[in-house]
Amino acid sequence: MTTRRSPAAVEPDDRLLQDLVLGHWKLPALAAAYRIGLLARLADEPLTRAEVAVACGSEPLATGSVLELLASLHLLERWGDRYEVTAVTRRYLLPGAADDWGPMLRLVWDDRCAAVRDALLGEAPRGYGSRSLWRVHQEVPRQAEIFTHAMHAHSAAAATAFAERAAALGVPARAHVLDVAGGRGTYAIALARRYPELTATVLELDSVCPIASRAVGEAGLDGRIRVVGGDMFTTSWPSADVVLLADVMHNWPVGQCRTLADHAREALQPGGRLLVHDMLLDDAVPGPVTAAANAVAMAATTGGHQFTATELAALLRQAGFTSVSSTPSFGYFSVTTARAAGSEGAS
Ligand SMILES: C[S@@+](CC[C@H](N)C(=O)[O-])C[C@H]1O[C@@H](n2cnc3c(N)ncnc32)[C@H](O)[C@@H]1O
């Protein structure tokens with residue numbers, strides 16, 4: 001006889017859904033790597049990501065993301081900073097091998113595979129067809145709406161968990177938080193609900209502001225959360241006690257992430273906090289698979305990648321932050337906290 005299991009005592013996280021949605025990028029990464037000859041290049045000797053990029057004429061950041069995803073899937077093996085083919089890849093994924101799966105990868109080829117191939121070849125990322133995600137959102141309000149609600153689904157549970165531990169992360173109960181590229185205000189609303197004296201500003205693209213304003217109004221938080229339109233790269237950021245970059249750094253090439261970190265430093269007084277909430281890649285072993293798949297998704301759609309904690313800490317320190325540390329927070333997410341250095345503390 002089977003008995004019904006009692007409901008779980010602990011709320012489930014959303015990893016199962018992140019696996020399904022982001023896992024979509026596993027096959028395109030493999031098919032694109034096969035097609036540009038990346039796997040064949042690794043057949044003779046282990047290579048670093050930089051060597052692979054030179055050998056394949058591919059873009060280094062996207063190349064690194066694809067290599068990490070294939071390594072997390074055990075189709076490659078990483079030793080230190082070198083990648084080599086596994087026995088499975090040698091037998092089934094090398095052109096000309098007796099049991100070559102190349103024809104199958106050709107059969108399943110689709111737009112996502114083409115987007116990853118183009119990212120590897122250094123072409124502009126494909127948001128919608130060949131057009132930039134953010135530009136389309138500025139021009140087509142309905143598309144901005146669909147995307148922003150999808151991001152809310154992706155972030156809502158993580159934001160609630162984040163808000164729950166914000167005090168422990170150094171967010172003062174009466175802080176003013178600047179939620180940069182805050183979408184429909186998912187994190188600002190979660191924080192304001194959790195801390196009754198906290199206030200926030202959401203900085204977003206003009207096309208997204210009405211969506212955020214509506215969500216803030218529906219949450220009854222009009223008096224505490226302000227929504228401000230502007231381009232985060234070109235407008236000056238309002239000053240704040242805490243700057244939050246949630247699911248933002250992974251959207252941009254490293255140089256633009258550094259610009260965001262510089263703006264955050266300027267918006268904070270010495271001692272102010274920067275919090276980065278994102279999926280991080282493991283520093284030691286390839287993966288987690290879903291975070292690595294997200295990196296490939298970013299390469300294909302926005303030109304970004306997922307950081308490791310070490311890479312992110314280095315970038316933040318260069319921008320004048322100290323006391324940088326990362327810790328797992330919810331599902332695949334980690335929170336990275338950093339303190340704005342005084343003029344003497346920047347390194
Ligand atoms: C992946 S979503 C993250 C949204 C939200 N922070 C969250 O975690 O759900 C990235 C956001 O960046 C915004 N964005 C893109 N380019 C921007 C820019 N130049 N200035 C301000 N916001 C921008 C987009 O509109 C989008 O809402």
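**View 1. Glu68 in helix H5 of the predicted model.** Glu68 belongs to helix H5, a helix that takes in residues 60-72. Is Glu68 buried or exposed? With 28 C-beta neighbours inside 10 Å, Glu68 counts as buried, because a residue is classed in that way once 20 or more other C-beta atoms lie within 10 Å of its own. When neighbours within four places in sequence are left aside, the residues in contact with Glu68 are Leu281, Pro286, Ala292 and Ala295. Tyr83 can be located from the same starting point: although 15 residues along the chain lie between the positions of the pair, in the sense that they are 15 residues apart, the C-alpha atoms of Glu68 and Tyr83 are separated by 8.9 Å.

**View 2. The open sheet of 3 strands, with helix H5 lying across two of them.** The strands of this sheet follow the order E1-E3-E2, and their pairing is antiparallel. Strand E1 (47-48) and strand E2 (76-79) stand at the edges, where each has a single partner strand, so one side of each is left without a neighbour in the sheet. Strand E3, made up of residues 82-85, runs antiparallel to E2 and is joined to E2 by 4 bridges. Which residue of E3 is the bridge partner of Arg78? The partner is Tyr83, whose C-alpha atom is the one separated by 8.9 Å from that of Glu68. Helix H5 lies across both E2 and E3, and its direction makes an angle of about 105° with E2.

**View 3. The open sheet of 7 strands.** In this sheet the strands are arranged in the order E6-E5-E4-E7-E8-E10-E9, and the pairing is mixed. The edges are formed by E6 and E9, each of which pairs on one side only. From one strand to the next, the twist averages 20°. Helix H12 lies across E5 and E6, and runs at about 175° to E6.

**View 4. Strand E10 and the two strands that pair with it, E8 and E9.** Strand E10 covers residues 333-340 and is mostly covered, with 7 of its 8 residues buried. Strand E8 (residues 268-279) runs antiparallel to E10 and is joined to it by 7 bridges; strand E9 (residues 321-330) is likewise antiparallel to E10, with 7 bridges between them. On the E8 side, the bridge partner of Leu274 in E10 is Ala338, while Arg273 stands opposite Arg339 in E10. Arg339 in E10 also has Thr322 standing opposite. Which residue takes a positive phi in the hairpin of E9 and E10? In that hairpin, which has 2 residues between the strands, Gly331 takes a positive phi near 50°.

**View 5. Helix H11 and the elements that cover its buried residues.** Helix H11, formed by residues 186-194, is mostly covered, since the count of buried residues comes to 7 of its 9. The buried residues are Thr186, Tyr187, Ala188, Ile189, Ala190, Leu191 and Ala192. What covers these buried residues of H11? The covering elements include three strands at 176-180 (E4), 199-204 (E5) and 225-229 (E6), together with strand E7 (240-246), helix H10 (141-164) and helix H12 (209-218).

**View 6. The shell of residues around the ligand.** The ligand is surrounded by 20 residues, of which the closest are Ser155, Ala181, Gly183, Met232 and Asp247. Two or more residues of the shell come from each of helix H9 (133-139), H10 and E5. Which element gives the most to the shell? H10 does, with 3 residues. Sorted by class, the shell around the ligand has 10 nonpolar, 7 polar and 3 charged residues.

**View 7. The whole chain, for orientation among the close-ups.** The secondary structure of the chain comes to 15 helices and 10 strands. The radius of gyration is 21 Å, close to the 20 Å that the globule rule gives for 347 residues, so the chain is as compact as a globular protein of that length. Along its principal axes, the C-alpha trace spans about 65 × 65 × 45 Å. Of the 347 residues in the chain, 45% are buried. Among contacts with a separation of 6 or more, residues 24 or more positions apart account for 69%.

Key:
Residues numbered from 1 in each chain as written. Predicted model: local features only at pLDDT ≥ 70, side-chain atom pairs only at ≥ 80, totals over all residues. Rg over C-alpha atoms; globule rule 2.2 N^0.38 Å. Buried ≥ 20, exposed ≤ 12 C-beta atoms within 10 Å, placed from the backbone. Contact = placed C-beta atoms within 7 Å. Pairing = 2+ DSSP bridges. Axes fitted to C-alpha atoms, helices over the stretch in contact; angles between N-to-C directions. Near = placed C-beta within 6 Å. Nonpolar A, V, L, I, M, F, W, Y, C, P; charged D, E, K, R; others polar.
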